[in-house]
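Biologist: Please take me through one part of this model in close detail. Start at the end of the element you choose, then work outward to what surrounds it.

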Amino acid sequence: MNFFKVALPYIISGVSVGGQYALIAIGYTMVYGILRLINFAHGDVFMVAGLLMVYIAASFPLFVAIPAVIVLTVMLGFTIERVAYRPLRSAPRMSVMISAIGVSYLLQNLALYITGGLNKNYPAIPWISDRVTVFGLDTTRVTVITPFLTILLVVALVMLINHTKLGMAMRAVSKDFETSQLMGIRINSVISATFIIGTFLAAVGSMLYFTNYPGVVPTSGGMPGLKAFVAAVFGGIGSIPGAVIGAFIIGICESIIKGLDTILIVNGVIGEQIGLATFSDAFTFVLLIIILVFKPTGLFGEKQTDKV
Amino acid sequence: MTKTNHKKNWLAVLIVLLFLALVLFLDQKIKPTNSMYMLMTVLQKGSVYALAAVSMNLLNGYTGLFSLGHAGFMLIGAYAYAIFTIPSSSRDTVYQYYDAAVKFSFPEIFSASMGPAGTVLGIILAVLIAGLAAAIFAYLIGLPVLKLKSDYLAIATLGFAEIIRAVFQWSKLGPVTNGSNLLKSFPRTSTFKFKLAGETIKLSTFVPVLIATICIALIVLLVNSTYGRSFKAIRDDEIAAEAMGINLAKHKMIRFVTSSFFAGVSGAMMAMVLSIAQASNFKSAMTYEILLMVVLGGIGSISGSVIGSLLFVAASEWWLRGLDSGSFLGIEAPNVFRNGFRLVVFSIIIMIVVLFFRKGIMGDREITDLFRKKSKSPAKEAGK
């Protein structure tokens with residue numbers, strides 16, 4: 001019982017972080033499912049959404065700022081695909097990946113230039129940044145609502161993919177690019193739609209994520225982006241439920257490792273702090289390597305064979 | 001190999017030797033107070049990045065293994081070099097919070113019996129150990145991850161670099177790695193000098209350039225060997241290469257380990273040039289920058305990578321400096337040209353190269369190919 005009492009705050013914050021990762025991970029998994037591209041810039045789009053919020057909320061009320069941030073982020077995602085990925089559609093996969101890294105570099109440097117490298121305080125969003133008490137634990141409301149909001153959005157997305165014409169087109173394109181083109185699907189609009197959905201979710205995710213953090217810096221997007229990607233791989237890239245489950249697992253594990261020293265000391269396993277929190281980021285990647293070695297297709301991924 | 005080829009090789013060797021002599025000369029002439037000293041900084045940092053870029057090109061361009069773990073291997077190299085060369089007198093001040101586990105330093109051990117030559121030997125040994133340590137780690141990580149296909153390999157190696165960074169910052173390893181604190185006081189480039197007939201001969205730029213040149217020359221020899229050709233075969237078509245009797249797993253591993261060895265050496269050089277080693281500097285952003293240098297120079301061209309990294313370093317450290325400090329090419333605009341603008345301009349240039357000049361500066365040609373007569377190049381293309 002003692003274990004749960006100590007671990008509970010970490011688990012709750014882990015579920016919340018997991019929800020935020022899930023929203024980013026969907027963007028990765030959808031883009032990968034269709035274009036077979038690791039969109040390295042996705043984490044930076046997430047960071048830009050955070051910065052946009054900082055700047056827009058400084059001069060407009062929140063009911064204007066929130067929709068404005070979402071619209072602008074979606075436009076950014078759409079533009080990136082148009083400018084940086086579309087011209088390379090027929091190029092080798094490595095070139096597109098390099099282009100994605102280039103975009104990420106550009107966005108980070110742009111953010112560095114505009115912010116001057118300073119930490120920008122994220123505006124407090126009323127209601128969701130209020131403090132509440134759950135299970136006798138003091139936390140912000142955003143921590144509690146994130147998992148529910150995430151699941152709601154994911155259910156809506158799965159409905160969209162399974163029951164609409166656009167969703168059907170997306171599934172077709174991810175199965176076979178050329179054939180779906182021959183069947184009259186307009187590939188470019190399907191891909192644009194994918195980027196729009198992905199960046200929309202990243203924008204929502206950034207609002208939830210940064211509310212719990214002191215501020216936004218140009219490199220804020222890198223780590224959450226990478227972790228969300230790992231979540232997508234872990235769940236089986238291309239599978240949306242997989243990405244969500246992967247993200248929750250990674251969020252919870254990461255959060256527990258942050259408090260592992262304390263948890264272990266309370267339970268008498270170790271005598272003193274041994275600095276295991278250093279590994280909270282690295283653990284994600286250990287998990288990645290393990291899953292890639294033993295089950296490269298992830299938890300829910302489809303098996304693929306290379307054709308000669 | 002034809003006779004012209006031999007002639008060409010000698011020409012290349014001659015050019016390299018002339019370049020080295022020039023660097024040695026400049027090292028004596030340009031004082032740190034001189035306005036041209038930026039050139040020396042660029043040459044020092046450029047040679048570090050050139051070696052890093054060439055070793056990455058060896059993997060990405062010549063073997064088709066898209067690995068993003070370079071920063072991790074450089075970190076191992078930098079730390080290995082630093083740990084084995086910090087003089088015992090400075091150990092206590094460097095390892096402030098820990099009891100240093102490694103109590104000796106190679107330059108000291110050898111200089112005790114051999115004098116100044118021993119110091120040099122000790123440093124060379126430390127640099128070699130830096131490379132070997134990176135190579136050993138590469139072997140261990142290569143066992144599981146080299147089976148993975150392109151983008152999965154990229155993300156797994158990227159993840160590996162992050163793991164290494166965390167391990168080196170772990171407080172429990174403090175006696176060896178000094179935890180998250182930096183390592184310093186080891187021999188750096190400015191300590192490389194000797195007295196000759198009353199004159200001090202400075203080698204602070206010559207040494208890094210020399211190390212990079214030797215390593216890159218080794219890589220060139222490797223690429224042009226039979227091994228090199230089988231790697232190109234793997235890059236162009238894995239399945240066909242395997243059908244021709246090339247042992248895929250073994251070759252990939254050899255290349256991964258070799259590339260990491262040189263990445264480790266470049267990490268050691270990075271420590272020498274920056275005179276500190278700190279794990280938090282070796283982020284994935286560093287790998288991305290090196291990758292962009294390779295792309296700038298042309299994937300699959302060694303001389304391209306060298307040119308690419310020298311241009312990258314020169315542009316970001318020197319030529320575009322004005323963009324950060326208010327005036328550039330005589331245009332005064334302090335509001336636009338403020339801190340960070342240089343990097344924005346720079347990343348836009350890189351995006352233009354990535355999107356519109358996908359072959360980079362050299363494509364997959366070498367600088368020596370440029371001396372070849374034009375009529376021969378279509379034949380070369382057809383032969384591919």
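Modeller: Helix 4 of chain A gives way to Gly116(A), a residue with a positive phi, near 70 degrees. That is my starting point. Keep in mind that this is a predicted model.

Now the helix itself. Helix 4 of chain A covers residues 93–115, which makes 23 residues. At 1.5 Å a residue they should span 33 Å, and the C-alpha atoms at the two ends are 33 Å apart, so expectation and model agree.

Next, its surroundings. Of the 23 residues in helix 4 of chain A, 19 are buried. The cut-off for buried is under 20% relative accessible area. Helix 4 of chain A is therefore largely enclosed by the rest of the structure.

Part of those surroundings is the partner chain. On the chain A side, 47 residues are in contact with 50 residues of chain B. The two chains bury about 4000 Å² between them. Carbon and sulfur atoms carry 77% of that area. Three residues stand out on the chain A side: Ile98(A), Tyr105(A) and Tyr113(A). They supply 18% of the area that chain A buries against chain B, more than any other three residues.

What about polar links across the interface? Zero salt bridges are counted between chain A and chain B. Polar contact joins three residue pairs between the chains, with both residues at pLDDT 80 or more. Four helices of chain A each give at least two residues to the side that touches chain B: helix 3 (62–85), helix 4, helix 9 (222–235) and helix 12 (280–294). Helix 4 of chain A gives the largest share, 16 residues.

Helices 9 and 12 lead on to the salt bridges. The whole structure has seven of these over all chains. One joins Lys227(A) to Asp281(A), with the closest N and O atoms 2.6 Å apart. This pair links distant parts of the chain. Lys227(A) sits in helix 9 of chain A, Asp281(A) sits in helix 12 of chain A, and 54 residues separate them. Lys227(A) has a relative accessible area of 3%, so it is buried. Asp281(A), at 27%, is partly exposed.

A second pair lies within one helix. Lys258(A) and Glu254(A) meet through their side chains in a salt bridge of 3.3 Å, N to O. Both belong to helix 10 (residues 240–258) of chain A. They are four residues apart, about one turn of the helix. An α-helix has 3.6 residues a turn, so residues three or four places apart point the same way. Exposure again splits the pair. Lys258(A) is partly exposed, with a relative accessible area of 43%. Glu254(A) is buried, with a value of 3%. The two pairs do not stand alone: through salt bridges that share partners, Lys227(A), Glu254(A), Lys258(A) and Asp281(A) form one network.

Another pair in chain A is Arg86(A) and Glu81(A). Their side chains form a salt bridge of 3.1 Å, N to O. Here both Arg86(A) and Glu81(A) are buried.

Disulfides can be dealt with quickly. The structure holds zero of them over all chains. Two cysteines show different settings: Cys253(A) counts as partly exposed because its relative accessibility is 24%, while Cys215(B) counts as buried because its value is 8%.

To finish, two sites in the partner chain. Ile164(B) lies in helix 7 (residues 150–168) of chain B. With 5% relative accessibility, Ile164(B) counts as buried. Leaving out neighbours within four places in sequence, Ile164(B) is in contact with Gly72(B), Leu75(B), Ile76(B) and Phe137(B). Ile164(B) can also be placed against Gly69(B): the two are 95 residues apart in sequence, and their C-alpha atoms are 9.7 Å apart in space.

The other site is Ser316(B), in helix 14 (residues 302–319) of chain B. Ser316(B) has 10% relative accessibility, so it counts as buried. Setting aside residues up to four places away in sequence, Ser316(B) touches Arg342(B) and Phe346(B).

Back to the starting element, then. Helix 4 of chain A has 19 of its 23 residues buried, and it supplies 16 residues of the side of chain A that touches chain B.

Note on methods:
Residues are numbered from 1 along each chain as its sequence is written. Chains are lettered from A and ligands numbered from 1 in the order in which they are written. Side-chain values use heavy atoms; hydrogens and water are left out. The expected span of a helix is 1.5 Å times one less than its number of residues. Buried means under 20% relative accessible area, exposed over 50%, partly exposed in between (1.4 Å probe, protein chains only). A disulfide is a pair of cysteine sulfur atoms within 2.5 Å. Contact means heavy atoms within 4.5 Å. Buried area is the accessible area (1.4 Å probe) that two parts lose on being put together, summed over both. A salt bridge is a side-chain nitrogen of Lys or Arg within 4 Å of a carboxyl oxygen of Asp or Glu. A polar contact is a pair of N or O atoms within 3.5 Å; within protein, one must be able to donate a hydrogen and the other to accept it, and residues adjacent in sequence count only if both atoms are side-chain atoms.
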